[in-house]
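Here are some short exercises to work through with the structure open beside you. Try each task before reading its solution.

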Amino acid sequence: MSTDKILFDRVSKSFPVRATRRGTAGAVTALDQVTLGVRPGEFLVVVGPSGCGKSTLLDLLGGLIPPTGGQVLVDGRPVTGPGLDRGIVFQQYALLPWRTAAGNVAFGLEAKGVPRSERAEKIAHHLDLVGLSGFADRYPHELSGGMKQRVAIARSLAYDPDVLLMDEPFAALDAQTRDSLQDELVRIWARTGKTIVFITHGIDEAVHLGQRVAVLTSRPGRVKQVIDIDLGDRDAVEDVRSTDAFRHHRHQIWTLLRDEVRAAQAAEGAAGSRAAHTGAAGGRTPAVAGADARRGTPTAADPEEARVG
Amino acid sequence: MVDIVERPTRLAAPTAVPDAVAAPEAPGLTGRLLGLGARVLHRSVAIVALAAVWEVAPRLGLVDRVFLPPLSEVLVAWWELLRSGQLAEHVGASLTRSLAGLGLAVLTAIPLGLLIGWYRPLAELLSPLLEVFRNTAALALLPVFVLILGLGETSKIALVLYACSWPILLNTIAGVKGVDPLLIRSARSMGLNHLRLFQKVILPAAVPTIFTGVRLAGAYSILVLVAAEMVGAKAGLGYLVNYAQYNFAIPDMYSGIITISAIGLVVNQLLVALERRFSTWRVDVSAG
């Protein structure tokens with residue numbers, strides 16, 4: 001345990017829910033007693049059904065919100081706020097539209113207090129690392145989605161955090177761009193040796209990127225299982241996604257997620273009627289009840305699921 | 001009052017854009033000149049028609065030429081005013097007042113707006129007051145300003161300051177509040193403190209919205225001032241128009257009116273250009 005770079009130690013987080021016409025104010029538990037360790041230099045992927053608190057996990061780690069219970073440790077020290085030892089890459093890039101690509105990379109360096117004389121070299125190096133050397137003077141609106149996300153990654157890497165937190169960073173990109181950025185991220189990770197925590201809802205993406213994949217349950221989020229991904233030598237095969245190992249892991253995660261996705265859907269259906277009246281416990285009870293009810297009865301899977309299984 | 005001011009400024013903004021955008025598209029030099037000529041013609045037709053009607057209608061006796069002299073007579077009177085130096089005196093007096101008021105409004109309303117936009121408690125405290133004042137026509141308060149500050153320059157500049165403060169203040173508040181929360185989250189994740197967050201994210205993000213406020217205020221400054229000068233002044237364009245009417249110097253009155261619209265147009269164009277200069281990234285985003 002002491003060797004963990006990051007440790008979620010029985011972390012819980014609940015959000016207050018404001019009163020509506022149909023129900024009283026209460027609280028929704030997003031994360032419940034999550035315990036999860038990340039080793040130094042590891043690429044850990046967190047997957048879970050939508051609304052399971054994946055992003056909350058990342059906000060807690062980033063120090064943007066405090067946990068309701070338990071603590072998040074980085075290098076054995078509890079997280080008390082945001083810090084430059086952790087860099088966050090957001091799904092919607094979060095680039096400053098009035099700054100060029102180089103200016104955006106400079107932003108993180110300014111935040112860190114890197115002397116002006118050293119900035120130019122770091123900016124050039126990191127733009128080069130993400131393959132955007134020729135685009136230093138372009139404004140975000142002149143760049144494609146994939147390029148924007150590259151700039152955002154360069155910005156986070158430039159101030160040299162130990163940990164890179166990525167919140168569904170490729171979810172808004174088209175399939176080809178996503179594939180190439182995934183490959184590049186693995187390459188950058190191998191070159192920089194950063195510890196990466198990557199949030200996604202894509203099973204393929206999780207298997208492709210992660211050394212380990214943590215599967216979360218639907219609300220309230222708990223760690224259902226952590227799976228070690230072993231794809232052999234990635235460089236040995238041309239298309240890693242078509243290997244048996246890849247398919248095996250993919251099915252493994254899909255099976256784990258299937259029940260959770262159903263539970264989440266059941267909870268959404270129930271949320272309208274039951275959750276609204278039960279108040280404080282409402283956010284949680286139907287989810288669990290729904291999950292238990294459905295687990296024993298395998299219903300017909302939708303086309304996407306049928307194809308995957 | 002608000003409507004009268006806002007209409008011309010809103011019209012002026014989009015008309016300026018096609019010029020800049022369309023120009024590079026035209027092919028050869030001849031084609032470009034023809035295109036330019038056609039556009040100039042197209043855009044000046046309405047103005048030329050107005051001038052023609054103004055010139056012809058009084059001559060044909062369609063309107064009383066005592067009350068609406070032909071445009072050419074008005075222009076002769078305008079030229080006389082310009083040569084005698086009277087026009088320069090009035091324009092100088094008016095511009096000094098409106099620029100002083102506008103400048104003071106920029107200096108006070110922008111910092112105040114930034115504070116109100118940033119500190120929620122202050123916003124909650126002041127917003128009822130702001131609602132009351134911004135819905136009170138500035139000119140309705142003119143007598144109050146005259147009573148308290150007298151008939152001199154102070155009351156006029158104060159009235160301009162008052163009228164100009166609202167668009168600047170409200171736009172600044174809106175600009176600060178409208179900053180993309182994701183940018184704030186991202187900057188916070190890098191450990192920026194409040195001051196630097198404000199300096200590096202909030203302020204640059206709000207600049208275009210603030211400038212829209214300044215542009216509106218520019219139009220307000222002239223409108224309100226002219227009205228104020230009609231009430232009690234010894235110089236200024238409002239005074240010129242009013243005084244000329246009292247003395248039945250009708251061409252002089254129209255000269256004053258023409259000058260006022262010309263200044264309004266020029267001020268607005270300057271502020272539009274300045275606004276565009278400060279918000280290239282936003283204009284491009286909305287276009288693309």
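**Exercise 1: an annotated span in chain B**

The UniProt annotation "domain: ABC transmembrane type-1", from an unreviewed entry, covers residues 91-275 of chain B. Keep in mind that this is a predicted model.

Task: Find how much of residues 91-275 of chain B is helix and how much is strand, and how far apart the end C-alpha atoms lie.

Solution. Start with the make-up of the span: 86% is helix and 0% is strand. Next, take the C-alpha atoms at its two ends, which lie 25 Å apart. Then widen the view to the whole chain: chain B has 12 helices and zero strands. Read from the N terminus, its elements run α-α-α-α-α-α-α-α-α-α-α-α.

**Exercise 2: domains and packing of chain B**

Task: State which domains the assignment gives for chain B, and what distance separates their centres.

Solution. First, the bounds: domain 1 takes in 33-68 and domain 2 takes in 73-279. Second, the centres of domain 1 of chain B and domain 2 of chain B, taken over C-alpha atoms, are separated by 31 Å. Third, look at burial: 35% of the 288 residues of chain B count as buried. Last, consider the contacts in chain B with a separation of 6 or more; 73% of these come from residues 24 or more positions apart.

**Exercise 3: where chain A meets chain B**

Task: Work out how many residues each chain gives to the contact, and how the chain A side divides into nonpolar, polar and charged.

Solution. Count by chain: 16 residues come from chain A and 15 residues from chain B. On the side of chain A that touches chain B, the residues divide into 11 nonpolar, five polar and no charged.

**Exercise 4: two positive phi values**

Task: Locate D75(A) in its loop and A94(A) in its loop, then decide for each whether buried or exposed is the right word.

Solution. Begin with the general expectation: most residues other than glycine have a negative phi. D75(A) is not a glycine, yet has a positive phi of about 55°. D75(A) sits in the loop between β4 (69-74) and β5 (77-78) of chain A. The cut-off for exposed is 12 or fewer other C-beta atoms within 10 Å; D75(A) has 12, so D75(A) is exposed.

Now turn to A94(A), also a residue other than glycine, with a positive phi near 55°. A94(A) lies in the loop between β6 (86-89) and α2 (101-112) of chain A. Buried requires 20 or more such neighbours; A94(A) has 22 inside 10 Å and therefore counts as buried.

Note on methods. Residues are numbered from 1 along each chain as its sequence is written. Chains are lettered from A and ligands numbered from 1 in the order in which they are written. This is a predicted model: local features need pLDDT of at least 70, side-chain atom pairs count only at pLDDT 80 or more; totals for chains, interfaces and linings use all residues. Two residues are in contact if their C-beta atoms, placed from the backbone, lie within 7 Å. Ala, Val, Leu, Ile, Met, Phe, Trp, Tyr, Cys and Pro count as nonpolar, Asp, Glu, Lys and Arg as charged, and the others, Gly among them, as polar. UniProt positions are given in the numbering used here, feature names are shortened, and annotations may be inferred rather than shown by experiment. Helices (H or I, at least four residues) and strands (E, at least two) are DSSP runs, numbered from the N terminus. Domain bounds come from an automatic or database domain assignment.
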